[in-house]
Amino acid sequence: MTREEVLAKIIEFAAMAFKKDSAEIKEDTDIANELGVASNQRVAMSASIENEFDVMIPVARFGKFATIGDLVDFVMDEM
């Protein structure tokens, strides 16, 4: 799977979890400041990513990803 495909899926998951239009979410979107910090939304997004890409994202680690791109880099490294 290419980085662009992973990015597209993660944007889709972020849009679903945070109830945003996927067109508003880009690689440089700041997760905390632009999407939100609600733990239930982060857990939903994390679960979708873990199921789709067969990777584990530790809960404490998820909060350290500043942007969608950082999260994509992590998933690419773990796959």
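1. A salt bridge here is a side-chain nitrogen of Lys or Arg within 4 Å of a carboxyl oxygen of Asp or Glu. Glutamate 27 and arginine 3 satisfy this, their side chains meeting at 2.8 Å, N to O. The pair links distant parts of the chain, with glutamate 27 in the loop between α1 and α2 and arginine 3 in helix α1, 24 residues apart. The model is a predicted one, and the points below should be read with that in mind.

2. Arginine 3 also meets aspartate 73 in a salt bridge, at 2.5 Å, N to O. Since arginine 3 lies in helix α1 and aspartate 73 in helix α5, this pair ties together parts that are 70 residues apart in sequence. Arg3, Glu27 and Asp73 are thus named together as a network of salt bridges. As for burial, glutamate 27 is partly exposed at 34% relative accessible area, arginine 3 is partly exposed at 24%, and aspartate 73 counts as partly exposed at 35%.

3. A search of the whole structure gives three salt bridges. One of them joins glutamate 12 to lysine 9, with the closest N and O atoms 3.7 Å apart. These two residues are three apart in helix α1, and therefore separated by about one helical turn. Glutamate 12 is partly exposed at 35% relative accessibility; lysine 9 is partly exposed as well, with a relative accessible area of 24%.

4. Which acidic residue is buried yet has no salt bridge? It is glutamate 50, placed in helix α3. The nearest side chain of opposite charge is that of arginine 61, 11 Å away. The cut-off for a salt bridge is 4 Å, so a distance of 11 Å to arginine 61 does not qualify. Leaving out residues up to four places away in sequence, glutamate 50 touches Val55, Met56 and Ile57.

5. The largest nonpolar core has 24 residues, of which Ile10, Met45, Ile49 and Ile68 touch the most other members. Helices α1 (3-18), α2 (31-35), α3 (39-53) and α5 (68-78) each supply at least two residues of this core. The largest share, nine residues, comes from α1. In soluble globular proteins, nonpolar side chains tend to be buried together.

6. Isoleucine 49 deserves a separate entry. Not counting residues up to four places away in sequence, isoleucine 49 touches Ile10, Phe13, Asp54, Val55, Ile57, Leu71 and Val75. Ile10 is also named among the core residues that touch the most other members.

7. How many aromatic pairs does a search of the whole structure find? There are two. In one, the rings of phenylalanine 62 and phenylalanine 65 have centres 6.2 Å apart and planes at 85 degrees, so the pair is edge-to-face. In the other, the rings of phenylalanine 65 and phenylalanine 74 have centres 5.2 Å apart and planes at 55 degrees, so the pair is tilted. The ring pairs link Phe62, Phe65 and Phe74 into a cluster.

8. Are the rings' residues buried or exposed? Phenylalanine 62 counts as buried because its relative accessibility is 3%. Phenylalanine 65 is buried at 8% relative accessible area, and phenylalanine 74 is likewise buried. The cut-off for buried is under 20% relative accessible area.

Definitions and conventions
Residues are numbered from 1 along each chain as its sequence is written. This is a predicted model: local features need pLDDT of at least 70, side-chain atom pairs count only at pLDDT 80 or more; totals for chains, interfaces and linings use all residues. Side-chain values use heavy atoms; hydrogens and water are left out. A nonpolar core is a set of buried Ala, Val, Leu, Ile, Met, Phe, Trp, Tyr and Cys residues joined through side-chain atoms within 4.5 Å. Buried means under 20% relative accessible area, exposed over 50%, partly exposed in between (1.4 Å probe, protein chains only). Helices (H or I, at least four residues) and strands (E, at least two) are DSSP runs, numbered from the N terminus. Contact means heavy atoms within 4.5 Å. Lys and Arg count as positive and Asp and Glu as negative; His and the chain ends are not counted. Rings of Phe, Tyr and Trp (its six-membered ring) pair if their centres lie within 6.5 Å; planes under 30 degrees apart count as stacked, over 60 as edge-to-face and the rest as tilted.
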